[in-house]
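Got the sequence and the model side by side? Let's take a walk through them, one region after another.

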Amino acid sequence: PDLPTLTPTQARAELARLAELIGRYNTAYYADDAPEVSDADYDALRQRYDALLALHPEAEPENSAARAVGAAPDSAFGKHRHLVPMLSLDNVFDQAEFEAFISRATRFLGLNDEQAQALAFVAEPKIDGLSISLTYENGQFVRGTTRGDGTEGEDVTANLRTLKDLPLQLQGRAPELIEIRGEVFLSKEHFLALNAAQEALGRKPFANPRNAAAGSLRQLDPRVTERRPLSLFAYAMGFCSEKITLSHWEYLEQLQAWGFPVNPLSQRLEAASGAEAFFDRIGQERAALAYDIDGVVYKIDNLTLQERLGFAGRAPRWAVAWKFPAEQAITTLKTIEIQV
Ligand code: NAD
């Protein structure tokens, strides 16, 4: 509320202060897997930064941490450059913001109203884990990396090999070279069990399943990762040496045929008008799901349109994350034992 009253000099100083805080919280969250503040507080900080930047675009700090994706790879791991960058997603929090996303995309594509109405989407639960990139050469798993700063990730191949869900060899015909993206996560019950075990050993518990999954995968000793029951859903493509499908939905089907777990709740929507009903339904199912989700991701299904839309800043123009309100409680499941 105080933002419009700030002078340009005050705005510059405030933007610099916020960017520095964002940078510090990013390091704690992405590099150390130990957030210093809640996601709601972090999001509020970012919103303040974005609102102030919109009023004073000329006062943007140099190398602002707010522009960054994730955090630089930890030097303890080998570094690997993604063939296609791994970016973030823009967020929306209500129907009006979702519609604004649709308008921006359809205007960018120059679609008329009728065409815009007929635009198909794929809706997928937004899994609260960490994204990974899996490289396959002629169907063989050769490398797995974290997102890192979006350009370079940490090589966690040996750790990923311990995941039961990860196909080491793709079934059927595979392209010469492909990067497959997905989310590594811990179920709610395994998260609770892991934290109970951490506490029993006098170690700091993880703040949430996302940090627990990241902390479990980003281990220098793959035997530690092996003991953590990490799961995987595949949901996106990075680089591919050939065109495989025309739509994202067909790509998800191909991922399944290759042997990847694909979230069974994902659904093709014939039009954006189905988005709200899907969001409400997933919201109702959320508490009963075995894993944590923090929203729904909507992706324009047609890959040619995705290509035309491309990226803006740190996120694609063809997808958006519709987030649940931060305060919604998460129902926990029975606790089970786990060895750390
Ligand atoms: P994000 O988590 O908001 O969205 C992008 C990510 O969504 C992707 O990288 C991917 O990992 C994930 N995802 C899950 N399911 C997906 C699906 N089906 N399709 C595509 N992607 C899917 O992006 P972000 O930039 O990594 O992080 C922002 C979030 O992290 C915010 O919620 C923020 O609150 C939190 N954060 C918190 C702190 C803190 O200090 N508490 C610090 C930094 C970030």
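We'll go from the domains to the ligand, then to the cores, the strands and a few loop residues.

Two bits of housekeeping come up front. Numbering starts from 1 along each chain as its sequence is written. This is a predicted model, with local features needing pLDDT of at least 70 and side-chain atom pairs counting only at pLDDT 80 or more, while totals for chains, interfaces and linings use all residues.

The chain splits into domain 1 (3-67) and domain 2 (79-323), with bounds that come from an automatic or database domain assignment. Taken over C-alpha atoms, their centres sit 26 Å apart. Where they meet, domain 1 puts in 4 residues and domain 2 puts in 6; contact here asks for C-beta atoms, placed from the backbone, within 7 Å. On the domain 1 side you'll find 2 nonpolar residues, 2 charged ones and no polar ones. For those classes, Ala, Val, Leu, Ile, Met, Phe, Trp, Tyr, Cys and Pro count as nonpolar, Asp, Glu, Lys and Arg as charged, and the others, Gly among them, as polar.

Now look at the ligand. Around it are 23 residues, and Tyr29, Asp39, Ser88, Glu124 and Ser131 are the closest; a residue is near it if its C-beta atom, placed from the backbone, lies within 6 Å. Helix H1 (8-31), helix H2 (39-55), strand S3 (121-127) and strand S8 (231-240) each give two or more residues to this shell. These elements are DSSP runs numbered from the N terminus: helices are H or I with at least four residues, strands E with at least two. H1 is the top contributor, with 4 residues. Each of the two domains supplies at least three residues to the shell, and by class the shell holds 12 nonpolar, 4 polar and 7 charged residues.

Which residues have the most contacts inside the largest nonpolar core? They are Phe121, Val184, Ala213, Ala234, Leu255 and Tyr298, in a core of 59 residues. Such a core is a set of buried Ala, Val, Leu, Ile, Met, Phe, Trp, Tyr and Cys residues joined through C-beta atoms within 7 Å. Apart from it lies another core of 6 residues, including Leu18 and Tyr49. Back in the largest core, Ala234 touches Ile180, Gly182, Leu255, Phe260, Pro261 and Val262, leaving aside residues up to four places away in sequence.

On to the strands, which pair if DSSP finds at least two bridges between them. One open sheet runs S2-S13-S10-S3-S9 with mixed pairing, and its edges are strand S2 (91-92) and strand S9 (267-269). S3 meets S9 in the antiparallel sense over 3 bridges, with Phe121 opposite Leu269. Elsewhere, strand S4 (130-137) and strand S7 (177-185) pair antiparallel over 8 bridges, and there Ile132 is partnered with Gly182. S7 also runs antiparallel to S8, joined by 7 bridges, one spot being Glu183 with Phe233.

Finally, the loops. Most residues other than glycine have a negative phi. Asn63, in the loop between H2 and strand S1, has a positive phi of about 50°. Asn63 counts as exposed because it has 9 other C-beta atoms within 10 Å; the cut-offs are 12 or fewer for exposed, 20 or more for buried, and partly exposed in between, with C-beta atoms placed from the backbone. Asn138, between S4 and strand S5 (140-146), also has a positive phi, of about 45°.

How values were computed:
Contact = placed C-beta atoms within 7 Å.
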